[in-house]
Amino acid sequence: MIDKLKLAEQRYTELEVLLADPEITGDQKQFRDCMREYKSLTPLIEKYREYEKARTAFAEAKELLAESGHEPDFKEMAQLQLDENREISERCEEELKLLLLPRDPDDDRNVIIEIRGGAGGDESALFVNSLYRMYSMYAALKGWKIEVNNSNPTELGGYKEIAFSVIGESAFAKLKYESGVHRVQRVPETEAQGRIHTSTVTVAVLPEVEEVDVEINPADLEVQTFRASGAGGQHINKTESAIRIIHKPSGVVVECQEERSQHKNRDKAMKMLYSKLYEAKINEQHDAIAEERRIQVGTGDRSERIRTYNFPQGRVTDHRIGLTLYKLEYVMNGDCDEVFDALAIADKAAKLTASQE
């Protein structure tokens with residue numbers, strides 16, 4: 001582990017020099033790549049330096065205790081220093097093991113999120129809107145940008161489905177654990193008796209990928225145009241600007257109708273198609289790995305119930321890690337880091353256990 005950390009620190013120092021070089025700063029792509037690597041190494045190097053500092057202080061305290069002739073008070077102080085720095089170095093060592101785990105190569109990507117109504121009719125559609133609002137507010141807190149790709153609104157203010165892009169640094173790293181079935185328990189506004197209803201929606205989170213990640217043969221695509229429409233038939237557009245693309249070999253279908261321009265809708269639809277085909281490719285690779293080596297928080301399967309939002313109790317429960325928080329209002333308003341971070345830590349811990357088997 002120490003050899004890996006020394007090499008990482010050496011690279012970190014090299015990057016510091018490169019980032020101060022006018023030749024690098026003048027090349028936007030090279031500067032961006034160096035800065036991305038530098039930022040990804042920073043938590044590891046900071047933790048390594050804290051670890052080294054604690055180890056040095058521990059060694060010094062050990063030497064002082066070994067020497068004879070010191071006053072009892074001095075020896076007591078040295079013992080305290082020894083114990084404190086042993087504890088810090090042990091904690092840092094565990095944290096370094098997690099930080100040294102290979103990063104998901106998709107972590108730095110933007111994401112495409114699709115939310116679809118499940119069981120529960122109108123109430124399910126309203127909760128699709130609630131989740132869309134939650135992710136939008138979370139993105140705003142992170143300084144990320146949201147772009148709607150496709151939506152199917154209902155007359156009551158919900159969505160049968162909505163697909164949108166989240167554009168921002170490490171968006172996929174934060175949001176990738178959201179795929180699955182989300183269950184809501186609340187009293188619908190239309191419920192006269194005040195009874196609690198249970199509804200579900202499904203969420204899919206896809207990394208946004210480039211053409212270089214997936215090959216698509218144009219001959220395999222069927223492109224259809226149609227008029228965009230909104231709830232109750234009002235809208236938008238009297239020309240056939242909406243786009244539907246069917247990838248014939250896989251049967252994957254994507255639609256985009258949010259832009260007035262057919263060209264822009266096609267661009268967005270193609271991004272969604274690349275991401276869906278990339279996800280299928282990655283899933284194939286995961287399936288090829290032996291079951292005991294596939295370490296994830298849950299399976300990532302869209303049919304798996306991952307979280308319950310209980311409004312009467314103000315409770316949100318993530319079933320994969322047994323996390324329950326009585327701060328539902330905060331979560332629904334975008335304060336999701338406590339949930340998302342707990343999922344990331346659980347995933348890393350599982351991967352660390354697997355790597356030591």
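Modeller: One term before you start: helices here are DSSP runs of H or I with at least four residues, strands are DSSP runs of E with at least two, and both are numbered from the N terminus. Also, bear in mind that this is a predicted model.

Biologist: Fine. How many helices and strands are there in the chain?

Modeller: The chain has 357 residues, and 39% of them are buried. Contacts with a separation of 6 or more come from residues 24 or more positions apart in 62% of cases. As for the elements, the count is nine helices and 11 strands.

Biologist: What phi does the residue that follows helix 5 have?

Modeller: Helix 5 covers residues 121–142, and its 22 residues reach 32 Å between the first and last C-alpha, close to the 32 Å expected. Next comes Gly 143, with a positive phi near 75°.

Biologist: And how far apart are the end C-alpha atoms of helix 4?

Modeller: Helix 4 runs over residues 72–99, which makes 28 residues. At 1.5 Å a residue they should span 40 Å, and the model agrees because the end C-alpha atoms are separated by 40 Å.

Biologist: Which helices do the buried residues of helix 4 pack against?

Modeller: Let's start with who is buried: Ala 78, Leu 82, Asn 85, Ser 89, Cys 92 and Leu 96. In an α-helix, residues three or four places apart point the same way, because there are 3.6 residues a turn. The partners of those buried helix 4 residues are helix 1 (2–18) and helix 3 (28–66).

Biologist: How are helix 3 and helix 4 oriented to each other?

Modeller: Their axes come within 8 Å and cross at roughly 150°. Helix 3 passes helix 4 in a left-handed crossing. An angle over 145 degrees counts as roughly antiparallel, so the pair is roughly antiparallel.

Biologist: Then how are helix 1 and helix 3 oriented to each other?

Modeller: Here too the crossing is left-handed. Residues of helix 1 including Leu 5, Ala 8 and Tyr 12 meet residues of helix 3, among them Leu 41, Leu 44 and Tyr 48. The axes come within 9 Å and cross at roughly 130°. That angle is outside the parallel, antiparallel and perpendicular ranges, so helix 1 and helix 3 are oblique.

Biologist: You mentioned Leu 44. Is Leu 44 buried or exposed?

Modeller: Leu 44 is found in helix 3, and beyond four places in sequence it touches Leu 5, Ala 8, Leu 96, Leu 99 and Leu 100. Its C-alpha is 9.9 Å from that of Tyr 12, 32 residues away along the chain. Buried means under 20% relative accessible area, and Leu 44 has 8%, so Leu 44 is buried.

Biologist: Which element gives the most to the largest nonpolar core?

Modeller: That core has 35 residues, and those with the most contacts inside it are Ile 113, Ile 115, Leu 131, Tyr 135, Val 166 and Leu 175. Elements giving two or more residues include strand 1 (111–117), strand 3 (159–167) and helix 9 (337–355). With eight residues, the top contributor is helix 5.

Biologist: How many residues are in the second core?

Modeller: This core is separate, and includes Ala 163, Leu 206, Met 272 and Ile 282. Its residue count is 20.

Biologist: What is the phi of Ser 170?

Modeller: Ser 170 sits in the loop between strand 3 and helix 6. With a relative accessible area of 21%, Ser 170 is partly exposed. Most residues other than glycine have a negative phi. The phi of Ser 170 is positive, near 60°.

Biologist: How far is Asn 310 from Arg 186 in space?

Modeller: Asn 310 is in strand 9 (residues 305–310) and counts as buried, at 7% relative accessibility. Outside its neighbours within four places in sequence, Asn 310 contacts Gln 185, Arg 315 and Leu 328. Asn 310 and Arg 186 are 124 residues apart in sequence, but C-alpha to C-alpha the distance is 6.3 Å.

Biologist: Last one: what relative accessibility does His 247 have?

Modeller: His 247 lies in strand 7 (residues 242–247). Among the residues in contact with His 247 are Ile 216, Asp 220 and Leu 277. His 247 counts as buried, because its relative accessibility is 9%.

How values were computed: Residues are numbered from 1 along each chain as its sequence is written. This is a predicted model: local features need pLDDT of at least 70, side-chain atom pairs count only at pLDDT 80 or more; totals for chains, interfaces and linings use all residues. Side-chain values use heavy atoms; hydrogens and water are left out. The expected span of a helix is 1.5 Å times one less than its number of residues. Buried means under 20% relative accessible area, exposed over 50%, partly exposed in between (1.4 Å probe, protein chains only). Contact means heavy atoms within 4.5 Å. A nonpolar core is a set of buried Ala, Val, Leu, Ile, Met, Phe, Trp, Tyr and Cys residues joined through side-chain atoms within 4.5 Å. Axes are lines fitted to C-alpha atoms, for helices over the stretch in contact, and angles run from 0 to 180 degrees between N-to-C directions. Angles under 35 degrees count as roughly parallel, over 145 as roughly antiparallel, 65 to 115 as roughly perpendicular and the rest as oblique. A crossing is left-handed if the near helix is turned anticlockwise from the far one by less than a right angle, and right-handed if clockwise.
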